[in-house]
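Trainee: Could you take one spot in this model and look at it closely? Then work outward from there, as far as the chain allows.

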Amino acid sequence: YWRDWSSDVCSSDLRMLDDRDEAAGDWAFHDRLFRARWRWDTPGRDRVVDGAAPPPFREPPSDVRISLPVPTGPASAEPTLWEATEERRTRREWSEEPVGQQALGALLWRTLRVVAEAPATDVDGRPYRAVTRPVPSGGALGSLDLWLHTRRVEGVEPAWWWYDPVDHALVRAADSTAVGAVSSADHSPVFAVLTARHARGAWKYPAWAQALELRDAGVIYYAVQVTAGEIG
């Protein structure tokens, strides 16, 4: 569960799971340990990471890039948000047809591009750069990066690419075979990998940066699924 640090509501008041409940015995040891170490009342949560905040974006892996098309608005045939969420499903049947750059550009523009970047401060008044995307991120950190293994994308050679969310472009990262086979991508036109720049989250939230990274990843996963369904 999530408890706001400013609230005095206890889990026992709402009959939520508490570490002392008998029901907690059903948890695996590593799950209980992981949960116990990211709460606001975790010992050591106020540990401060010294130094300036890590930058909001990583350095591009190369100078080879492909600018992606910018969508001008929803297509007339697109379903409503209501319809898209009602019809959302996880599908594992891949088309042999290539994905168009227009569709890929629309998907990434509407989920992971950087809408704005602005100065901000943490609770101790230390400055950092806050990032706004179409998807929310804990602390406005925006520390997750998207890497794409393109197999069948129009006008894009098979390779590993990093998505540049500021310039809305694909930046070549490595050859298609550079990191070995990706079994779950054998039949998919595009295989996506999310990675987190952990130092950025740990600078602001040293006790539970990984917990926020997992939440951010789940938000992105859902947004991409719904948007992909809208786009078709």
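**From P60 outward**

Mentor: P60 counts as partly exposed because its relative accessibility is 37%, which falls between the 20% and 50% cut-offs. Keep in mind that this is a predicted model. P60 sits in the loop that joins α1 (29-36) to β1 (65-67). Set aside the neighbours within four places in sequence, and P60 is in contact with R65, W162 and V171. R172 is 112 residues away from P60 in sequence, yet their C-alpha atoms are 8.6 Å apart. Such long-range pairing is well represented here: 68% of the contacts with a separation of 6 or more join residues 24 or more positions apart.

Now the overall layout. There are five helices and seven strands. Read from the N terminus, the order is α-β-α-α-β-β-β-β-β-β-α-α. The chain has 232 residues, and 36% of them are buried.

Helix α3 is the next stop. Its buried residues are Q101, L104, G105, A106, L107 and L108. The cover over them includes β1, β4, β5, β6 (169-175) and α5. A general point on helices helps when reading that list: with 3.6 residues a turn, residues three or four places apart point the same way. Take Q101, which belongs to α3. Its side chain reaches the backbone oxygen of E154 at 3.0 Å. Q101 also touches two stretches of sequence beyond its own neighbours: I66, S67, L68 and P69 in one, V153, E154, G155 and V156 in the other.

L108 leads to the packing. The largest nonpolar core has 17 residues, and L108, Y163 and L170 touch the most other members. Elements giving two or more residues to this core are α3, β4, β5 (159-164) and α5. A second core is separate from it; its eight residues include A130, W203, W208 and A211. Back in the first core, Y163 has a broad set of partners. Beyond four places in sequence, Y163 touches L68, L108, W109, L112, R113, L146, H168, A169 and L170.

H168, one of those partners, deserves its own look. H168 lies in the loop between β5 and β6. H168 counts as buried because its relative accessibility is 4%, under the 20% limit. Its phi is positive, about 50 degrees, although H168 is not a glycine. As a rule, most residues other than glycine have a negative phi.

A140 shows a similar backbone feature: its phi is positive, near 55 degrees, and it is not a glycine either. A140 is found in the loop between β3 and β4. At 26% relative accessibility, A140 is partly exposed. G142 is in that loop too, between β3 (127-132) and β4. G142 is buried, with a relative accessible area of 4%. Beyond its close sequence neighbours, G142 is in contact with P56, R133, S137 and R197. From G142 to R129 is 13 residues along the chain and 9.8 Å between C-alpha atoms.

That leaves the empty space. A probe the size of a water molecule, rolled over the atoms, shows where it is left. The largest pocket holds about 1500 Å³. It has 39 lining residues; W94, L107, V190, V224 and A228 lie nearest its centre. The elements giving two or more residues to that lining are α3 (101-109), β4 (144-150), β7 (190-196) and α5 (209-231). α5 supplies the largest share, nine residues. By class, the pocket lining has 24 nonpolar, seven polar and eight charged residues. L107 therefore appears twice in this account: among the buried residues of α3, and among those nearest the pocket centre.

Enclosed space is a separate matter. There are two cavities of 30 Å³ or more. The second largest holds about 40 Å³. Its lining is G138, L141, S143, G201, A209, L212, E213 and D216. Three of these count as nonpolar, three as polar and two as charged. α5 again gives the most to the lining of this cavity, with four residues.

Notes
Residues numbered from 1 in each chain as written. Predicted model: local features only at pLDDT ≥ 70, side-chain atom pairs only at ≥ 80, totals over all residues. Heavy atoms only, no water. 1 Å grid on protein atoms, 1.4 Å probe; cavity = no way out; pocket = protein on both sides within 12 Å on 5 of 7 lines; lining within 4 Å. Points joined across faces, edges and corners; volume = space filled by probe spheres on them. Nonpolar A, V, L, I, M, F, W, Y, C, P; charged D, E, K, R; others polar. Core = buried A, V, L, I, M, F, W, Y, C linked by side-chain atoms within 4.5 Å. Buried < 20%, exposed > 50% of the residue type's maximum accessible area, 1.4 Å probe, protein only. Contact = heavy atoms within 4.5 Å. Polar contact = N/O pair within 3.5 Å; in protein donor to acceptor, adjacent residues only side chain to side chain.
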